[in-house]
Amino acid sequence: MRFVCRAQQHKGFTLKTYFCTSNFYLMIEQILIGKTKEAVKSLYQLDASLAQIQLQNTRKEFAGDITLVVFPFTKVSRKSPEATAAEIGDYLQANVAEVESYNVIKGFLNISIKKEYWINFLTENYTIDQFGFQQTNDNQPIVIEFSSPNTNKPLHLGHIRNNLLGFSLSRILQAAGKNVVKVNLVNDRGIHICKSMLAWQKWGNGETPESSGLKGDKLVGKYYVIFDKQYKEQIATMVADGAIPEDAAKKAQLIIEAQQLLQKWEAGDEEVIGLWKKMNGWVYEGFAKTYKTLGIEFDKTYYESQTYLHGKELVEEGVQKGVYTRRADGSVWIDLSAEGLDEKLLLRSDGTSVYMTQDLGTATQRQKEYNPEQLIYVVGNEQEYHFQVLKVVLKHLGCAWSDSIYHLSYGMVELPAGKMKSREGTVVDADDLMQEMFDTSEAMARELGKIESFDDDEAKNLYRTIGLGALKYFILKVDPKKNMMFNPSESVDFNGNTGPFIQYTYARIKSVLRKAEEANFEFTTLQSGDLLPQEKELLKKIHDFPAMLIQAADMHSPAVIANFAFELASEYNRFYHELTILKEENLPSRGLRLCLSQFTAMVISNSLWLLGIEVPERM
RNA sequence: GGCCUCGUAGCUCAGUGGAUAGAGCAGCAGCCUUCUAAGCUGCGGGUCAUAGGUUCGAAUCCUAUCGAGGUCACCA
């Protein structure tokens with residue numbers, strides 16, 4: 001179970017500057033890195049490492065486009081930062097055709113790139129739909145597990161963060177050229193589902209999703225809650241009669257019956273298996289609806305009922321090999337004190353499996369099936385210890401590939417009232433939350449008078465697109481590893497740094513583009529004048545996209561893309577506000593701005609796609 | 001108690017050893033006869049938890065302290 005009761009690192013890279021080629025274009029950063037290497041070799045006989053060549057975008061308050069930090073070279077140049085920067089600047093200006101000029105401020109070499117480079121960059125890329133995306137390779141895949149629900153209750157806000165992170169990351173990795181396999185692991189067996197089954201047998205009166213109109217997962221969840229309530233009452237009664245609370249919890253009739261149900265299940269009792277299949281079937285129907293609404297899908301779904309036995313075999317294998325030890329009571333353990341961890345249980349004394357057991361099974365199975373480059377688990381940070389142990393336990397079994405396991409450990413979602421607790425009714429249900437978002441976006445659209453020309457289907461689709469855009473962006477813009485605050489009533493907004501803001505920018509651009517096409521305006525980058533500051537800033541922001549994608553993939557962080565998308569949209573809105581496009585009388589300028597607009601729309605759309613967010617043509 | 005995270009503006013968050021720490025929200029003041037105002041512009045708002053250290057340079061790395069959370073089950 002990846003989720004326990006409530007909803008719910010790495011520093012893998014040091015390379016400062018991300019550089020890459022788009023499919024059809026050599027980016028200026030790559031050229032400058034190569035030539036800077038040459039420059040310091042020629043000037044100071046230094047073989048510079050990539051870490052020493054620090055390029056960054058020039059801050060807006062200074063002249064220039066790209067800045068080289070020259071402090072790392074002052075040791076070998078034995079000159080002041082200013083003099084060093086000037087020497088390197090001279091070299092670059094003489095040897096790089098794209099360099100227009102430079103200026104030096106303290107140890108910062110601010111390089112201005114020629115207009116021709118920028119125009120050429122625009123011309124070469126603005127019609128390339130997949131600008132910045134890498135071709136997917138057929139190498140070893142990356143297998144990414146996310147969602148991982150239990151079948152005894154509906155999906156909630158914690159699952160939403162998990163699903164959005166997993167799904168977005170899989171798209172980011174795919175766009176970065178990786179061969180990605182998305183897998184789900186459903187915890188369909190165990191005492192939790194038996195509790196729901198027992199309560200349904202006792203108090204269900206044959207209720208089904210059809211008879212009650214309740215969504216399947218909600219119905220099963222309802223009986224889980226009923227079990228818990230009745231169980232607590234039994235305990236209370238027993239305690240009132242003088243029992244010790246701990247004993248009562250173990251000896252209450254209901255929990256005994258649930259355990260018997262589990263034993264029957266493990267023994268393959270036909271009636272129990274039949275009920276189990278029926279109720280899980282309801283849950284899967286419910287989950288499928290939620291996933292569909294959320295826009296999440298998987299390449300493959302694993303079920304713990306089919307993998308836990310494999311885990312048991314592996315533990316036996318470990319005992320045979322002598323790497324795990326069986327105690328007198330029959331339980332199996334591994335001693336990890338040499339690794340600075342504790343002793344860990346792998347199999348109970350009664351022979352039943354624990355959490356770790358099935359994870360050994362699923363990991364090994366995936367390894368055999370895919371031989372992946374990396375095995376990613378999107379699971380909350382409360383389970384960091386579990387995955388740490390999992391890797392070591394596998395290693396003891398001789399699985400060298402356990403190093404390829406990567407736990408994407410994300411922070412908890414907190415509510416203003418504190419943690420979500422299902423038993424206290426403070427869980428934010430996934431379906432309810434999405435519906436609220438749809439309702440809010442409808443109310444907003446009506447209030448703003450945005451949908452007068454929309455038919456019903458179009459309008460409904462728009463509420464869905466925007467509501468989901470707001471929710472997904474709100475969650476994904478936060479660094480995955482950090483805990484985040486979710487305030488349902490206030491936090492999800494439609495203005496400012498939000499999904500709808502970015503979607504709106506896209507719709508705005510599309511409106512301009514439609515009008516330009518109707519009027520048969522020419523899209524052209526051939527123009528004589530200089531790029532205006534607004535045009536250039538926008539183009540430079542777009543130019544950053546390929547590097548941002550690589551950074552996001554490297555850091556396993558959709559937040560990088562989210563923040564980029566916001567900055568790009570903001571930049572476009574400024575451009576849009578300060579310059580006219582359709583009414584521009586200078587035709588080359590008009591053509592250029594149309595190309596810029598088209599390019600921006602494409603990159604916004606691709607960025608949001610990486611986050612699993614759709615864009616509306618009108619809003 | 002051991003181990004692991006986190007602490008940046010009133011709130012939610014960016015900031016991966018580099019320049020004067022940035023956004024959004026909230027507050028205040030402007031901008032629709034003009035390509036979509038779900039937009040744009042301006043103002044105010046900071047002991048980057050605290051104290052040391054490393055470095056040419058620290059919100060960022062190290063140490064300690066304080067505060068918050070997580071984890072250390074024959075739970076998952």
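**Figure 1. Packing around helix α8 in the predicted model of chain A.** The buried residues of α8 pack against α6 (191-203), α7 (209-212), α9 (245-251), α10 (253-267), α11 (270-294) and α15 (430-447). Those buried residues are G216, D217, L219, V220, G221, Y223, Y224, F227, D228, Y231 and I235. Helix α8 itself covers residues 216-240, 25 residues in total. From first C-alpha to last it reaches 37 Å, close to the 36 Å expected at 1.5 Å a residue. Just after the helix, G242 adopts a positive phi of about 105 degrees.

**Figure 2. The crossing of α10 and α11.** Two of the helices that α8 packs against also pack on each other, at an angle of about 100 degrees. Their axes lie 8 Å apart. The angle makes α10 roughly perpendicular to α11. From α10, the contact draws on L261, K264 and W265. From α11 come V272, I273 and W276. By class, five of the contact residues are nonpolar, none is polar and one is charged.

**Figure 3. The crossing of α12 and α13.** Helix α12 spans residues 304-321 and helix α13 residues 355-370. Their axes come within 7 Å and cross at roughly 95 degrees. That crossing makes α12 roughly perpendicular to α13. On the α12 side, the contact is made by E304, T307, Y308, H310, G311, K312, L314 and V315. On the α13 side, T357, Q358, L360, G361, T362, T364, Q365 and K368 take part. Which classes of residue make up this contact? Four are nonpolar, nine polar and three charged.

**Figure 4. The parallel five-strand sheet.** The strands of this open sheet follow the order β9-β8-β7-β13-β14, with parallel pairing. β9 (300-303) and β14 (405-410) stand at the edges. Each has a single partner strand, so one side of each is left without a neighbour in the sheet. Neighbouring strands are turned by 25 degrees against each other on average, direction ignored. Strand β13 (residues 374-380) pairs with β14 in the parallel sense over six bridges. Within this pair, V379 stands opposite S409 of β14. Helix α12 packs on the sheet and touches β8 (180-186) and β9. The direction of α12 makes about 60 degrees with that of β9.

**Figure 5. K182 in strand β8.** Is K182 buried or exposed? At 13% relative accessibility, K182 counts as buried. Neighbours within four places in sequence are left aside here. Beyond them, K182 is in contact with I144, F146, F167, S170, E297, F298, D299 and K300.

**Figure 6. The antiparallel four-strand sheet.** This open sheet has the order β3-β4-β6-β5, with antiparallel pairing. The edge strands are β3 (54-57) and β5, and each pairs on one side only. The twist averages 25 degrees from one strand to the next. Four bridges join β3 to strand β4 (residues 66-69), and the two run antiparallel. L55 has L68 of β4 as its bridge partner. Helix α1 (residues 28-44) packs on the sheet, touching β3, β4, β5 and β6. The direction of α1 makes about 30 degrees with that of β4. Helix α3 (residues 81-95) lies across β4, β5 and β6. It runs at about 180 degrees to β5.

**Figure 7. The β5-β6 hairpin.** Strands β5 (residues 99-105) and β6 (residues 108-113) run antiparallel and are joined by six bridges. N103 stands opposite N110 in β6. Two residues lie between the strands of this hairpin. In the turn, K106 has a positive phi of about 50 degrees.

**Figure 8. K460 on helix α16.** Helix α16 covers residues 456-476 and includes K460. K460 counts as exposed, at 62% relative accessibility. How many residues separate K460 and N495 in sequence? They are 35 residues apart, and 20 Å apart in space, C-alpha to C-alpha.

**Figure 9. Chain A as a whole.** The secondary structure of the chain comes to 21 helices and 16 strands. Along its principal axes, the C-alpha trace spans about 90 × 65 × 45 Å. Of the 619 residues in chain A, 53% are buried.

Note on methods
Residues numbered from 1 in each chain as written. Chains lettered and ligands numbered in written order. Predicted model: local features only at pLDDT ≥ 70, side-chain atom pairs only at ≥ 80, totals over all residues. Heavy atoms only, no water. Expected span 1.5 Å × (residues − 1). Buried < 20%, exposed > 50% of the residue type's maximum accessible area, 1.4 Å probe, protein only. Contact = heavy atoms within 4.5 Å. Axes fitted to C-alpha atoms, helices over the stretch in contact; angles between N-to-C directions. Parallel < 35°, antiparallel > 145°, perpendicular 65-115°, else oblique. Nonpolar A, V, L, I, M, F, W, Y, C, P; charged D, E, K, R; others polar. Pairing = 2+ DSSP bridges.
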